[in-house]
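Please look over the sequence and the structure that follow, and then read on for a guided walk through some of the places worth examining in turn.

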Amino acid sequence: MTSADRTLLRGGIVLSMDPDIGELETGDVLIEDGRIVAVEPNLHADAEVLDCSGRIVMPGFVNSHHHMFQTALRSYWSDALEIDYFLQSRAGDQALFHKYTPEDVYWGEFGGALENLAAGTTTVVDTSQCSYTPEHTDAALDGIRRSGIRCMFSFSPVFGEFEPDPSYAHPEDIRRLVEHGSGPLVGLALGYHVDDDLFRLSRDLELPVFAHVNDVHMGRFLEDFEPEGLLGPWLTYIHCLGLDESTWDLIGRTGAKVSVSCIAEQTLGMGRLALQPALDHEVPVGFGTDAVSIHTVDFFSQMRAAYTLQRGGMANHAQGGGAEVRPVSTRDVLRMATLGGAQAAHLDHLVGSLTPGKRGDVIVLNAQALNAGPVNHAPGAVLQMDTSNVETVLVDGRVVKRDGRLVGVDLDAVLDALSRSADGLLRRSGAPSILLTSCRLG
């Protein structure tokens with residue numbers, strides 16, 4: 001093995017998210033052939049050395065719920081409530097989602113994946129939701145693979161009022177995808193709703209399912225599945241808003257995971273954050289960002305939102321308005337953004353912590369910046385950072401961002417393609433430009 005196959009991240013503050021390794025005031029991380037082999041002080045190896053002094057080294061963030069195909073519609077629904085979003089995206093055959101071409105899907109996925117990587121997110125669960133034809137699905141996977149991100153691709157149905165193409169094939173087309181494979185960094189899963197046939201198929205094919213459980217009614221529907229043996233640890237439930245205690249008991253009892261989208265859920269007015277019930281029932285929980293058409297994929301913002309929303313529940317309880325809340329710590333939130341997300345993505349055997357044997361998905365954050373230094377408390381410093389602090393990103397041991405810039409990416413070309421995609425979607429759907437107005441025109 002040559003030094004080209006080894007990378008040594010030297011001399012940083014290490015937040016490993018591994019309970020056996022813990023946190024190192026000054027430590028090194030050695031990666032060989034894409035795999036973490038050692039995390040400890042004063043390592044020596046014939047390797048490419050990345051000087052991490054004045055930096056914080058930690059696992060890459062794991063985004064456990066995202067719709068990357070929507071990247072070209074960035075902020076279109078930033079004023080939306082839930083009804084606006086669903087009506088304008090899906091209702092009627094002229095709705096925006098129904099006007100996606102495979103090329104639109106490709107650039108949305110590619111651009112969205114690059115945005116996540118640039119922000120320090122090394123793994124994404126992508127709920128496709130735009131597989132109108134097999135060509136749309138293949139375009140999504142092509143964009144994901146080209147980006148170099150690690151991804152769990154949740155092959156999901158298309159919803160709304162439209163005439164399906166004769167080749168529309170959810171969920172049957174998952175068999176083709178499984179047969180042909182999705183690439184070394186891309187795993188396959190099923191989504192997107194609570195459906196007994198879908199859950200049976202996932203069990204038969206031994207694939208994870210990422211299912212939206214948006215309200216109490218979906219939760220009660222879910223409870224009917226347990227006697228059929230359709231529930232288990234291969235399931236991740238998204239949002240989980242307003243669920244009955246019996247549903248939470250079921251989720252905990254069956255070993256499932258939960259993904260919460262702190263900012264998007266509150267932006268759309270969907271319901272109270274489900275973080276505390278997940279903690280109460282000891283359910284592994286990670287963060288998702290949903291879609292940039294609603295709000296940011298920036299995980300620093302996601303962590304701060306979860307931290308403040310959960311702690312805000314303490315005052316509500318004190319005033320007689322809700323269940324008891326035990327405040328999360330900054331370390332708790334960092335764990336949810338990394339190892340918790342990896343558990344929710346069913347990838348914690350590969351990523352989520354700097355554990356020897358796991359893959360080398362690592363981020364290096366600049367702590368010598370006005371928004372971070374001096375570092376008196378490392379986890380707290382991370383929660384005060386933003387994407388400008390993301391200096392270096394590695395996926396599977398390969399550097400994809402160096403010195404604050406994505407490697408080998410023509411960003412102008414990507415942004416031009418996304419602009420053309422947005423223009424085409426609006427033109428074909430007849431949706432209004434809202435540059436200086438709002439999606440809530442009524």
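## A walk through the model

Leu 230 is buried, since its relative accessible area is 0%, and a residue counts as buried when that value is under 20%. The model in which this residue is seen is a predicted one. Along the chain, Leu 230 belongs to the loop that runs between α6 (216–223) and β11 (235–239). If its neighbours within four places in sequence are left aside, the residues in contact with Leu 230 are Asp 196, Phe 199, Arg 200, Arg 203, Phe 225 and Leu 235. A separation of 51 residues in sequence lies between Leu 230 and His 281, and from C-alpha to C-alpha the two are 20 Å apart in space.

Another loop, the one between β8 (150–155) and α4 (174–180), holds His 170. His 170 counts as buried because its relative accessibility is 13%, which is under the 20% cut-off. Two backbone oxygens can be found by its side chain: that of Phe 155 lies 3.2 Å from a polar atom of the His 170 side chain, and that of Gly 191 is reached by the side chain at 3.3 Å. Both of these partners appear again among the contacts of His 170 beyond four places in sequence, which are Phe 155, Ser 156, Pro 157, Leu 190, Gly 191 and Leu 198.

The peptide bond that leads from His 170 to Pro 171 is cis, and its omega is near 5 degrees. Pro 171, like the histidine before it, lies in the loop between β8 and α4. Most peptide bonds are trans, and most residues other than glycine have a negative phi. A cis bond is also found where Gly 373 is joined to Pro 374, with an omega of about -5 degrees. Here the proline, Pro 374, is placed in the loop between β14 (362–366) and α12 (378–383).

The backbone angle phi offers further places to stop. Asn 42, although it is not a glycine, has a positive phi of about 55 degrees, and this residue lies in the loop between β3 (35–40) and β4 (48–51). Gln 129 is likewise not a glycine, and its phi is positive at about 60 degrees; its place is the loop between β7 (121–127) and α3 (134–147). Which of the terms buried and exposed applies to Asn 42? Asn 42 counts as exposed because its relative accessibility is 65%, and the term exposed is used for values over 50%. Gln 129, by contrast, counts as buried because its relative accessibility is 2%.

Gln 129 also leads to the interior, where the structure holds 1 cavity of 30 Å³ or more. The volume of the largest cavity is about 80 Å³, and Gln 129 is one of the residues that line it, together with His 67, Tyr 85, Phe 86, Arg 90, Tyr 192, His 212, Asn 214, His 239, Leu 268, Met 270 and Asp 290. By kind, the lining of the largest cavity divides into 5 nonpolar, 5 polar and 2 charged residues. Helix α1 (residues 82–90) gives the most to this lining, with 3 residues.

Farther along the chain, helix α11 (residues 330–344) has a kink of about 45 degrees, and the kink is centred on Met 336. This helix is mostly covered, with 12 of its 15 residues buried. Among the buried residues of α11 are Met 336 itself, its neighbour Ala 337, and both Gly 340 and Gly 341. Just after α11 the chain comes to His 346, which takes a positive phi of about 60 degrees.

The loop between α11 and β14 then brings the reader to Thr 355. Thr 355 counts as buried because its relative accessibility is 17%, again under the 20% cut-off. Its side chain and that of Asp 18 are joined by a polar contact of 2.5 Å. Once the neighbours within four places in sequence are left aside, Thr 355 is in contact with Asp 18, Ile 21 and Ile 36.

Notes: Residues numbered from 1 in each chain as written. Predicted model: local features only at pLDDT ≥ 70, side-chain atom pairs only at ≥ 80, totals over all residues. Heavy atoms only, no water. Helix = DSSP H or I, 4+ residues; strand = E, 2+ residues; numbered from the N terminus. Buried < 20%, exposed > 50% of the residue type's maximum accessible area, 1.4 Å probe, protein only. Polar contact = N/O pair within 3.5 Å; in protein donor to acceptor, adjacent residues only side chain to side chain. Contact = heavy atoms within 4.5 Å. 1 Å grid on protein atoms, 1.4 Å probe; cavity = no way out; pocket = protein on both sides within 12 Å on 5 of 7 lines; lining within 4 Å. Points joined across faces, edges and corners; volume = space filled by probe spheres on them. Nonpolar A, V, L, I, M, F, W, Y, C, P; charged D, E, K, R; others polar. Bend = angle between axes of the 7 residues up to and from the residue.
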